[in-house]
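Colleague: I would like to take a close look at a single part of this model, the surface where the protein meets the DNA. Could you take me through that part slowly, in connected prose?

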Number of protein chains: 2
Amino acid sequence: MKILSADDDKDSLALIAFTLSQAGYLVVKASDGVQALRAFESEGPDLVILDINMPGATGFQVCEQIRTKSRVPVMMLTVRGEEEDLVRALELGADDYLSKPFSPRTLLARVKALLRRAGMENTAPLAAGRIRLDVDEHTVQVGSNPPLRLTKLELRLLQMLIANSGHTVSSDRLLMQVWGHKGSGDRQLLKQLVHRLRQKIEVDPAAPQMLQTAPGAGYKLVVD
Amino acid sequence: MKILSADDDKDSLALIAFTLSQAGYLVVKASDGVQALRAFESEGPDLVILDINMPGATGFQVCEQIRTKSRVPVMMLTVRGEEEDLVRALELGADDYLSKPFSPRTLLARVKALLRRAGMENTAPLAAGRIRLDVDEHTVQVGSNPPLRLTKLELRLLQMLIANSGHTVSSDRLLMQVWGHKGSGDRQLLKQLVHRLRQKIEVDPAAPQMLQTAPGAGYKLVVD
DNA sequence: TCGACGGGTTACAAAACGGTTATAACGTCA
DNA sequence: TGACGTTATAACCGTTTTGTAACCCGTCGA
């Protein structure tokens, strides 16, 4: 498990790196925003920890950049009392925050919780019932039918539904997970994507068996 | 979702209650530590917000008491610059803190984050007597009957009634909780919604057993 | 006895929702 | 560049949900 930590305060960075290393994580360090972005590109970490106040590019900018291309969990470090910063961070798509100063124990607990929530810890068995998903190939296989190619968005949607198979996932959450933060509120996008996905995976797209609608709530994947 | 807020500063308490109510939470108020503990016992809130400086019993004491019997998320309110307080609060088992003064937006963001972290956001198995509510699916199950689909408003109403099951909830309170500020004063909306909900969940909608009227006051959910 | 009031019921209109289709914008790759 | 697959935006339709108004019918006090 690889974690990218960016902070311009050497001591703080060292403490974070030490704590996480002790816990068995591989830590990549960056001491400013530009470095952080470069490291993000080259290392492809599973989680990112960003200090808000950094030279080069602020944590906000880095977070925003990362969110344009990835949904990797992001934790922001704020200084105590700067609530405005915090709100902005969450709005930019950060998944959690931690106020300095914090204890190593707290940091570790939060990191673990984030990884668990993102479903990173257990290599997500991307299958449910008769549906098997191949993320690398961008394909699904339903039953013993030949595999179908999926687009990026279709794949992500199906991924979310499979991860919660049997339970309804709210439209808002799907919007958030599939499109990132910007998509929130846009019903049409989801409507369309669901429609296209149904055309591909349902036997009779007009009477969906697997990708069912939960009126007023969202959608759910029904497996036998 | 029920939140207990304790603060001896009337203005502060009112602001918190208003903000959270607007966001759809059910708020229980307390203006000192003793009240807070009593309310905690009787209401069983899903989250507790405690001001540190309170007469009766300080936020510390209340937090400590709560922690002896519950793992409910606790947020502490501190005044800026009192670092020792903060550390002590976290040591006593508080999950988060907020420095006064704070913006409503900030409060809401933190509360949501806390509930999310506690896994309360949608998995709350809301139930009272023979009634079980599935917020994700937008369904109720009465006894062993097949689950019924509820609309958004019906769900919210039932949620409020279940959260206070056995006690009468005033019409004004329901109006506020279900529709937000705009609905205040409009009895007809509530009348209608109650009627529709009764049609769905009551065996004989003309003689309601569960969703009873408290004449001149409001409605209450009666469970065996 | 009357009439105002609160609550229940009925009926209908307005708005929101979900599915569908069409079309435009965008990105990629030959 | 142009063709293609993908994604975004808009319009339309039928259905469900919600809002609004009217009426009914008890109770209660003048």
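Modeller: What follows goes through the surface near each DNA strand in turn, and then visits a loop and a helix of chain B. Please keep in mind throughout that this is a predicted model.

Let us begin with DNA strand C, which is surrounded by 21 residues, and the closest of these are A:Lys191, A:Gln192, A:Thr213, B:Gln192 and B:Thr213. Of the atoms of DNA strand C that come within 4 Å of the protein, sugar and phosphate account for 41%. Both kinds of atom appear among the polar contacts, for the side chain of A:Gln192 has an N or O atom 2.6 Å from a base oxygen of this strand, while the side chain of B:Arg198 places an N or O atom 2.9 Å from a phosphate oxygen. Another phosphate contact involves B:Lys152, where the distance from an N or O atom of the side chain to a phosphate oxygen of DNA strand C is 3.3 Å. If we ask which elements build this surface, helix H8 (187-201) of chain A and helix H8 (187-201) of chain B each supply at least two residues, and H8(A) gives the most, with six residues. Sorted by class, the residues near DNA strand C are five nonpolar, ten polar and six charged.

We can now turn to DNA strand D, which also has 21 residues around it, the closest being A:Thr151, A:Gln188, B:Arg149, B:Thr151 and B:Arg196. Here sugar and phosphate make up 59% of the strand's atoms that come within 4 Å of the protein. A polar side-chain atom of A:Thr151 lies 2.5 Å from a phosphate oxygen of DNA strand D, whereas the side chain of A:Gln188 brings an N or O atom to 2.5 Å from a base nitrogen. A:Gln192, already met at DNA strand C, has a polar side-chain atom 2.7 Å from a base oxygen of DNA strand D. Two or more residues of the surface near this strand come from each of helix H6 (152-163) and H8 of chain A, and likewise from helix H6 (152-163) and H8 of chain B. By class, that surface holds six nonpolar, six polar and nine charged residues.

One of the contacts to DNA strand C used B:Lys152, and this residue is also among those touched by B:His138. B:His138 sits in the loop between strand E7 (131-134) and strand E8 (139-142) of chain B, and it counts as buried because its relative accessibility is 8%, where the cut-off is under 20%. Its contacts reach into both protein chains, including A:Pro215, A:Gly216 and A:Ala217 as well as B:Leu148 and B:Leu155.

Finally, helix H2 (residues 33-43) of chain B shows how buried and exposed residues can be arranged around a helix, with B:Gly33, B:Ala36, B:Ala39 and B:Phe40 buried. These residues lie on the same side of H2(B) because they cover an arc of only 120° around the axis. They pack against strands E1 (2-6), E2 (26-30) and E3 (47-51) and helix H3 (59-69) of chain B, while the face turned away from the buried side carries the exposed residues B:Arg38 and B:Ser42. At the start of the helix, a side-chain oxygen of B:Asp32 comes to within 2.9 Å of the backbone nitrogen of B:Val34, and just after the helix B:Gly44 takes a positive phi of about 55°.

How values were computed
Residues numbered from 1 in each chain as written. Chains lettered and ligands numbered in written order. Predicted model: local features only at pLDDT ≥ 70, side-chain atom pairs only at ≥ 80, totals over all residues. Heavy atoms only, no water. Buried < 20%, exposed > 50% of the residue type's maximum accessible area, 1.4 Å probe, protein only. Helix = DSSP H or I, 4+ residues; strand = E, 2+ residues; numbered from the N terminus. Arc of directions from axis to C-beta. Contact = heavy atoms within 4.5 Å. Polar contact = N/O pair within 3.5 Å; in protein donor to acceptor, adjacent residues only side chain to side chain. Near = heavy atom within 4 Å. Nonpolar A, V, L, I, M, F, W, Y, C, P; charged D, E, K, R; others polar. Lists of a residue's contacts leave out its neighbours within four places in sequence.
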